[in-house]
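User: I would like to go through this model by asking short questions about its helices and strands. Please reason through each answer.

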Amino acid sequence: MTVPPVTLPANGPVPANGPVPASGRSAGSPAAPPADADAILGRQRARESAARTYARSFPIVPARAKGMTIEGTDGRRYLDCLAGAGTLALGHNHPVVLEAIRRTVDSGAPLHVLDLATPEKDDFTDALFATLPPAFVDRARIHFCGPAGTDAVEAALKLMQTATGRRGTLAFTGAYHGMTAGALAATGSVAVKERVAGGAAEVTRLPYPYSYRCPFGIGGERGAELSATYTERLLDDPSGGVVPPAAMILEAVQGEGGAVPAPDGWLREMRRITSEREIPLIVDEVQTGVGRTGAFWAVEHSGIVPDAMVLSKAIGGSLPLAVIVYDEKYDGWLPGAHTGTFRGNTLAMAAGAATLRYVAREGLVERAATVGARMMARLEGLRSELPVIGDVRGRGLMIGVELIDPESPRDVCGAHHASPTLADQVRTACLDRGLIIELGGRFGATVRLLPPLVITDEQTDAVLDRLTDALAEAWRGGRA
């Protein structure tokens, strides 16, 4: 049965089901005529490109949002467990972010000055460097890129090509680094590359540890050990076909790849292997950064010190901002070697500095670790009663639930076939219940949970209740 969505204030108790007044209007003020959601969606379909994604999954028209709650033009409200694909560390329209934006606008600060120094940029850099691992930041340089994470990936790859004089890149199965040329080449998804000529140029693909569907058919610690051994021997094999590369790029937790965390020991092995061969190591922290995994930066779990970190999403406090931070020994660029018009987003720097400081000050990193562990424990406990749950994994508030066909044959690791059809049904059932979740993973069969770090205990329970109900409905429907 479809349950009407419940109003869930950003920081308050869960109310009972019932009519919900629209937010954002004072009592007695005249209500604006409601927008026609169907008409807006129809115009979007007619005018926007076939490449649109989230608009296909969520046929809603958001009109207002606060905290973890989105309200559509029809007054229905939803708990947002997508949070801008991890961009909204503090949820929608957090007071700290809004105050930083208003203060900056009211100050008369220039909103766009390319890469000129501004007080806002200086303050943002201070705030960011205060959060970075000490062994890394002591030798750090920062470069402001275009506004998206993919722009920062391009910059990092180009930087290392310039520094080393080499061209190739080592990247991993399941990786996602963006949609521009170099980032797309490093991305693992075949579907987004197969129609793009030359999309895999100069990239050597290595096996990423994925215990549930281990590339070696073993899983566990042994699978991760084999991944490291394979990498080392391939690089040292004079007939292995791998020319010394400009860099290795990896995610400490694969996001679009299905919330797959890399074992800490494996990450330390990658750092050893690259250090011994003088291969720069780039860690893509676009989605894992700013407390998402229960550490301020995901590299902190393993203790590795990369040569470069790619940062975007949450660092802009919900506004577009992307940077790379790297060891100063690689700073061999000439002036103008990597530019971009929108690398001077003053509002994003102000909002980002406010976000970084708030996350640190309010203990939201530890909160992400605690709530994430609680959520995963409850989801893991559902596996016995809902056999469509094949695997529960993740780190902090970056969680994946891989859905399967429990009646299909098992593979060599004992895993059943993934079920993207069931996952689609669960996503729809969640939306009917006022919960926005998205899918990912190798087969599009992993339910991904990326709630804001400010999620309350009541909201956590509501998310889990609605997801459990949606899973149960899909499981019952599949057996009917």
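**Strands and helices in the predicted model**

Analyst: Strand β4 (residues 140-144) is joined to β12 by five bridges, and the two strands run antiparallel. Strands here are DSSP runs of E of at least two residues and helices runs of H or I of at least four, both numbered from the N terminus, and two strands pair if DSSP finds at least two bridges between them. This is a predicted model, in which local features need pLDDT of at least 70 and side-chain atom pairs count only at pLDDT 80 or more, while totals for chains, interfaces and linings use all residues. Residues are numbered from 1 along each chain as its sequence is written, and side-chain values use heavy atoms, with hydrogens and water left out.

User: Which residue in β12 does H143 stand opposite?

Analyst: Strand β12 is joined to β4 by five bridges, and β11 (residues 308-311) is joined to β12 by four, also running antiparallel. On the β11 side, A308 stands opposite Y326. The residue in β12 opposite H143 is I324.

User: Is strand β12 (residues 323-327) largely enclosed or open?

Analyst: Buried means under 20% relative accessible area, exposed over 50%, and partly exposed in between, with a 1.4 Å probe and protein chains only. Five of the five residues of β12 are buried, so the strand is, with respect to the rest of the structure, largely enclosed.

User: Are α5 and α12 roughly parallel or roughly antiparallel to each other?

Analyst: The axes of α5 (residues 119-129) and α12 (residues 346-361) come within 9 Å and cross at roughly 30°. Axes are lines fitted to C-alpha atoms, for helices over the stretch in contact, and angles run from 0 to 180 degrees between N-to-C directions. Angles under 35 degrees count as roughly parallel, over 145 as roughly antiparallel, 65 to 115 as roughly perpendicular and the rest as oblique. The two helices, α5 and α12, are therefore roughly parallel.

User: Which strands are the edge strands of the open sheet of four strands?

Analyst: This sheet has the order β13-β14-β17-β16, with antiparallel pairing. Within it, four bridges join β14 (residues 398-403) to β17 (residues 446-449), and G400 has R448 as its bridge partner in β17. The edge strands, each pairing on one side only, are β13 (389-395) and β16 (438-440).
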